[in-house]
Amino acid sequence: MFGINGWELVIILVVAMLVIGPERLPVYAEQLGSLVRRGRDLLQNAKARVDDELGPEFSDVDWSKLDPRQYDPRKIVRDALMDDGPPSAYAATAAAQAAERNGTPAPPAGAVAEPGKAPYDDEAT
């Protein structure tokens with residue numbers, strides 16, 4: 001909660017009680033309570049209105065899965081590197097340029113090298 005631990009909150013409350021004084025403290029506590037209740041009601045009404053306007057097709061969406069704090073960049077990179085999809089145009093261009101530098105024939109379109117081995121590595125020696 002705002003980076004404040006329990007002891008700091010207790011100290012802030014004690015200082016607030018000393019500054020405000022015993023005469024005005026009940027009035028401010030009542031105002032704080034009504035503010036919290038009004039905020040809670042506003043949030044509940046907003047949630048109900050969003051649910052009504054989006055319709056039933058969005059009622060089963062798990063919004064916690066869309067939380068950006070749930071993403072693990074290491075997993076995203078690992079999944080992208082382990083993807084067995086077709087080679088990208090960049091990979092094909094890079095393989096053709098490497099073959100041109102080595103003086104070997106360019107790999108055919110769509111050729112994929114084995115992991116850890118360059119295309120036509122055995123022919124370059």
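Helices here are DSSP runs of type H or I with at least four residues, numbered from the N terminus. With that in hand, start with the whole chain. This is a predicted model. The protein chain holds 5 helices and 0 strands. Along the sequence, the pattern reads α-α-α-α-α.

How far can the model be trusted? The mean pLDDT of the protein chain is 77. A score of at least 70 is reached by 73% of the residues. Confidence peaks in H2, at a mean of 92. The low point is helix H5, residues 121-124, with a mean of 50. Where pLDDT is low, predicted coordinates should not be read in detail.

Next, the surface. Of the chain's 125 residues, 6% count as buried. The accessible surface of the protein chain is about 11,400 Å². Carbon and sulfur atoms account for 62% of that surface.

Now walk in from the N terminus. Helix H1 covers residues 6-20. Asn 5 caps its N-terminal end. A side-chain oxygen of Asn 5 sits 3.3 Å from the backbone nitrogen of Trp 7. The length of H1 can be checked. Its 15 residues, at 1.5 Å a residue, should span 21 Å, because the expected span counts one residue less than the total. The end C-alpha atoms of H1 are 21 Å apart, so the model agrees. After H1 comes Gly 21, with a positive phi near 95°.

Helix H2 runs over residues 25-54. The same check works here. At 1.5 Å a residue, the 30 residues of H2 should span 44 Å. Its end C-alpha atoms lie 43 Å apart, which agrees. Gly 55 follows H2, and its phi is positive, near 90°.

H2 also carries charged pairs. Side chains of opposite charge can pair when their charged atoms come close. The cut-off for a salt bridge is a Lys or Arg side-chain nitrogen within 4 Å of an Asp or Glu carboxyl oxygen. By this rule the count is 4 salt bridges. One of them joins Lys 47 to Asp 51, with the closest N and O atoms 3.1 Å apart. Both residues lie in H2, 4 residues apart, about one turn of the helix. Lys 47 has 54% relative accessibility, so it counts as exposed, the cut-off being over 50%. Asp 51 has 41%, so it counts as partly exposed.

Another salt bridge links Glu 53 and Arg 49, whose closest N and O atoms are 3.0 Å apart. This pair also lies in H2, 4 residues apart, about one turn of the helix. Glu 53 and Arg 49 are both exposed.

Further along, Asp 72 forms a salt bridge with Arg 74. Their closest N and O atoms are 3.3 Å apart. Asp 72 is partly exposed, at 27% relative accessible area. Arg 74 reaches 62%, so it counts as exposed.

Last, a nonpolar surface feature. Which residues form the nonpolar patch on the surface? They are Val 50, Leu 54, Phe 58, Trp 63, Leu 66, Tyr 71 and Ile 76. Together they have about 700 Å² of accessible area. Phe 58 sits in the loop between H2 and helix H3 (73-81). Its relative accessible area is 38%, so Phe 58 is partly exposed. That value also meets the patch cut-off, because patches take residues with over 30% relative accessible area.

How values were computed:
Residues are numbered from 1 along each chain as its sequence is written. This is a predicted model: local features need pLDDT of at least 70, side-chain atom pairs count only at pLDDT 80 or more; totals for chains, interfaces and linings use all residues. Side-chain values use heavy atoms; hydrogens and water are left out. Patches are made of residues with over 30% relative accessible area and no salt bridge: like charges are joined within 9 Å, nonpolar side chains (Val, Leu, Ile, Met, Phe, Trp, Tyr) within 5 Å. Accessible areas come from the Shrake-Rupley method with a 1.4 Å probe; for residues, only the protein chains shown count as cover. Helices (H or I, at least four residues) and strands (E, at least two) are DSSP runs, numbered from the N terminus. Buried means under 20% relative accessible area, exposed over 50%, partly exposed in between (1.4 Å probe, protein chains only). A polar contact is a pair of N or O atoms within 3.5 Å; within protein, one must be able to donate a hydrogen and the other to accept it, and residues adjacent in sequence count only if both atoms are side-chain atoms. pLDDT is the predictor's confidence in each residue, from 0 to 100.
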